[in-house]
Amino acid sequence: MAGSALWTEIRRLAPDERQARAALAALLAEANDGQCGHEPERCYELAVAWGCGWRSVVTRSQEQPWPKAVLALAQLSEPLVGTVLRQLDEMHLPSPASERILALRHNRDAGERSFASMLALDLVASQGLDGWKPEQHRLSSYLLRLFGGRLDTGALRSAAFTEGLLYPLLREELGLLSGTVAFLVCHSAACHAERIHAAITQAHPIKVSELGKVGLFEGNRCSSCGQHAEATSTYRLLRRHWLLVPRIYGGAYEERMFMNCTACGHHFPCSASYMYHYETMELLRTCVDEGATTTQRHFIHQARKELRSARSATACPLCQRHAVSQRPVQLWVYAPTKK
């Protein structure tokens with residue numbers, strides 16, 4: 001199968017008959033390792049990878065892969081791209097982020113073909129196929145790991161996904177980002193009232209790993225019990241490596257400043273007074289150079305003093321302790337526009 005598909009290309013690159021047959025034999029020898037010789041699909045994958053420059057034994061006059069091999073690689077990648085995109089959708093990215101990712105320009109099929117083509121060209125240009133070992137796994141499995149990052153039991157992990165090849169394309173095309181997001185912990189008795197009480201009374205911050213999916217939500221209402229979020233009762237924590245689309249790119253996330261309570265671990269919005277002094281201090285740091293005058297140093301000293309005063313007056317709305325030693329934390333917040 002591989003010989004009939006590639007014989008013309010091999011002879012074109014190696015006019016000498018013996019050299020062409022040696023090149024073909026070298027390729028087909030790969031199919032005899034382990035169980036490869038009994039799988040026609042593996043022969044096809046070997047042919048595609050070889051045509052894209054993987055373990056090439058033919059001296060080429062021009063550094064160009066076979067066009068049909070690159071096209072075949074793109075076609076082989078389409079269902080794999082679709083698999084990663086479906087896994088992204090299963091991570092429950094809030095609308096309209098999931099809609100934008102699944103729509104992919106005009107429609108989903110066109111988007112999958114577009115990204116598969118770009119990934120195939122990137123793989124050939126960067127020689128990303130060099131790491132494939134056919135005796136260990138299928139080419140499709142290898143490509144799936146390249147596109148989606150390290151896969152644990154076949155499931156997509158956002159932290160690993162950002163190391164894959166598909167993430168930079170989605171970031172450029174759709175504005176998809178990986179950031180630290182503020183999540184709410186429901187304070188109802190049916191969810192996590194006891195945990196929040198323990199965090200307040202025992203100074204034991206709540207961790208995401210302790211909660212599971214129940215009572216952990218974004219927005220204004222708990223998705224588990226329907227309880228509305230309250231500023232003085234609902235606990236807020238951060239979740240790292242969360243995939244999101246900012247509002248500027250058509251998503252529903254925006255960045256806001258929070259204060260982290262060093263006692264109970266709750267993240268609460270900074271007061272207007274604190275934000276005023278904080279922004280004033282940042283503006284002075286930007287405008288004043290190292291050679292500040294006496295007057296400028298006075299303004300900086302006064303601004304720093306007022307910032308400390310505003311911080312000391314800030315108390316956590318849950319445990320009522322003052323987060324004197326904390327600086328504000330910038331987090332992404334799910335804030336869909338009201339229709």
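These exercises work through the cores and ring pairs of a predicted model.

**Exercise 1.** Find which helices supply the largest nonpolar core.

*Solution.* Start with the core itself. The largest nonpolar core has 42 residues. Leu 73, Leu 143, Phe 161, Leu 166 and Leu 170 have the most contacts inside it. Next, take the helices. At least two residues of this core come from each of helix 3 (40-51), helix 4 (67-90), helix 6 (108-126), helix 7 (139-148) and helix 9 (166-174). Helix 4 gives the largest share, 11 residues. Apart from this core lies another, of 36 residues, including Val 185 and Met 257.

**Exercise 2.** Decide whether Phe 161 is buried or exposed, then list some of its contacts beyond four places in sequence.

*Solution.* Buried means under 20% relative accessible area. Phe 161 has 0% relative accessibility, so Phe 161 is buried. Now look around Phe 161. Its contacts include Val 84, Leu 88, Phe 147, Tyr 167 and Leu 243. Phe 147 is one of the buried residues of helix 7.

**Exercise 3.** Classify the ring pairs Phe 161–Tyr 167 and Tyr 253–Tyr 334.

*Solution.* Four aromatic pairs are counted in the model. Take Phe 161 and Tyr 167: the ring centres are 5.9 Å apart and the planes stand at 75°. Planes over 60 degrees apart count as edge-to-face, so this pair is edge-to-face. Tyr 167 is buried, at 7% relative accessible area. Turn to Tyr 253 and Tyr 334: 5.6 Å centre to centre, with 50° between the planes, this pair is tilted. Tyr 253 lies in strand 4 and Tyr 334 in strand 6, 81 residues apart.

Technical notes
Residues numbered from 1 in each chain as written. Predicted model: local features only at pLDDT ≥ 70, side-chain atom pairs only at ≥ 80, totals over all residues. Heavy atoms only, no water. Core = buried A, V, L, I, M, F, W, Y, C linked by side-chain atoms within 4.5 Å. Buried < 20%, exposed > 50% of the residue type's maximum accessible area, 1.4 Å probe, protein only. Helix = DSSP H or I, 4+ residues; strand = E, 2+ residues; numbered from the N terminus. Contact = heavy atoms within 4.5 Å. Phe/Tyr/Trp six-rings, centres within 6.5 Å; stacked < 30°, edge-to-face > 60°.
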